[in-house]
Amino acid sequence: MRKKFYITTPIYYVNDKPHIGHAYTTIAADVLARYYRQKGDEVFFLTGTDEHGDKVAKSAEENNMGVEKFVDQNATEFQKTFANLKISNDIFMRTTLREHNESVQIFMKKLHAAGAIYQSDYEGLYCRGCEDFYTEKDLAEGLCPVHKVKPELVKEKNWFFKLEEYLPRVEQMIESGEMIIEPASRKNEVLGLFKQGLKDFSVTRERVKWGLDFPIDSSQKIYVWVEALQNYISAIGYGRDDKQFNKWWPANVHLMAKDIIKFHAIYWPAMLIAVGLKPPQKIFAHGFFSLNGQKMSKTLGNVIDPNAMVEQYGVDGTRYLLLSQFPFGQDGDIKESLFKEKYNADLANNLGNLVSRVFNMIEQYCDGRIPKQLPSPIYLEMIGEKIEQLEFDEALKNIWQAIAKANQLIDSNEPWKMAKDANKKEELNELLSQLASFLSDLVPLLNPFMPDVAASIVGGLNADKIIKGEPLFKRL
Ligand SMILES: [Zn+2]
């Protein structure tokens, strides 16, 4: 039986246009999805947008738009950007879709039926301008950081989830590895949170208008985080299509940036256990990155639009540049100045040049046909394990070392000299056959990272007559 692989990105908040951070997580998920598909597994790849909450409603207002129109517009931006990055998601889930709401209603009723939620008072510091609650530590010298006014102490009726009751079970699942949290540093971080004393949390809001109805109490909307997490099950038909749901759940990997790990590694599995569902198998939280040594922010104006990057470096170039800079699980700095340098060195020179040289020589010296079937003499390390462990930079480094060796093989053998010597025809044929095999071996390794480049190498090799053709990467 084919194995299944269900991978998710977080659903992204539509308050904002897609930036390079969204692209980073989603490209990584795409590499995994393509890798497992190529391996023969049945893959379901989910991404999407998180569209409720007062912040979204307020942004719509600031843009003088109706909220539905606003979320439609921004969700479309995300879809366009992901298409531009060649993201191969199987579904794009939006939390404003009817199907999502249907699943959420069923899930919330189950939580209630299981006795996992109760009504109580929520007391918090509320800023009328933000229409949001703050905790003491969020405030700037006691004032709302946005409006610089003192928030009011406000009490409202809320429904709470009995988190404390499920904590021991969740902690044990993490410790035993029943639910894997990676990298290891993140696992320790999460286990540390249990010691801080986590409390029951509220799953509804009374003051929020732009949200999903809470089926137990019509005065309440479901807290946006609580319903957004449920996209991971609504996307595969929870409560609506049992066959589909049972086929895919539990997710093999929830992928995300580290700032939202608490919700995913503690709150989410606790809610799943409460309704009798399994937790996700693995949660992988990647690091933050800075840009040119600075934190990325709209105020600093250093937010990179992934679409602009695609325009400059191409889709495969963008994917390569983002994943090759530093280890995926760690924090790192993206240096824009290195993009061009790396693009020219690794892509235009190393890979691009290799392909163009081999194709050109086969065209010139062998009439466009690969003379023999000979294996490549260059050792290609199996990078599958590295991809499965999300060590993308290491996997790419290995591939590029092999590419450099292939270029060295050409340089040291000087086939252009062989071509002038009739006695060396056989040797030349063998060398070019080996190089063609190397390119063909390279294709499945490149494919998860650079689907267009891989397809173009395959197309070149399989053509009736191999020709030099257009360069894979134009030098910048
Ligand atoms: Zn405020």
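**Exercise 1.** In this predicted model, describe how helix 11 (residues 306-324) and helix 12 are placed relative to each other.

*Solution.* Start with the axes: those of helix 11 and helix 12 come within 11 Å and cross at roughly 100°. Angles of 65 to 115 degrees count as roughly perpendicular, so helix 11 is roughly perpendicular to helix 12. Next, list the residues that meet. Helix 11 brings Tyr 313, Gly 317, Tyr 320 and Leu 321, and helix 12 brings Phe 339, Lys 342, Tyr 343 and Leu 347. Sorted by class, this contact holds six nonpolar residues, one polar and one charged.

**Exercise 2.** Classify the packing of helix 12 (residues 336-366) against helix 16 (residues 425-446), and give the handedness of the crossing.

*Solution.* The two axes lie 10 Å apart, at an angle of about 140°. Roughly antiparallel requires an angle over 145 degrees; helix 12 is therefore oblique to helix 16. The crossing of helix 12 past helix 16 is left-handed. On the helix 12 side, the contact consists of Val 355, Val 358, Met 361, Ile 362, Tyr 365 and Cys 366. Helix 16 contributes Leu 428, Asn 429, Leu 432, Leu 435, Ala 436 and Leu 439. The class count for this contact is eleven nonpolar, one polar and no charged residues.

**Exercise 3.** Find the edge strands of the open sheet with order 5-4-6-8.

*Solution.* The sheet has four strands with antiparallel pairing. Strand 5 (132-134) and strand 8 (201-202) each have a single partner strand, so they stand at the edges, and one side of each lacks a neighbour in the sheet. Strand 5 pairs with strand 4 (residues 117-127) in the antiparallel sense, over three bridges. In strand 5, Phe 133 is the bridge partner of Tyr 126.

Conventions. Residues are numbered from 1 along each chain as its sequence is written. This is a predicted model: local features need pLDDT of at least 70, side-chain atom pairs count only at pLDDT 80 or more; totals for chains, interfaces and linings use all residues. Axes are lines fitted to C-alpha atoms, for helices over the stretch in contact, and angles run from 0 to 180 degrees between N-to-C directions. Helices (H or I, at least four residues) and strands (E, at least two) are DSSP runs, numbered from the N terminus. Angles under 35 degrees count as roughly parallel, over 145 as roughly antiparallel, 65 to 115 as roughly perpendicular and the rest as oblique. A crossing is left-handed if the near helix is turned anticlockwise from the far one by less than a right angle, and right-handed if clockwise. Two residues are in contact if their C-beta atoms, placed from the backbone, lie within 7 Å. Ala, Val, Leu, Ile, Met, Phe, Trp, Tyr, Cys and Pro count as nonpolar, Asp, Glu, Lys and Arg as charged, and the others, Gly among them, as polar. Two strands pair if DSSP finds at least two bridges between them.
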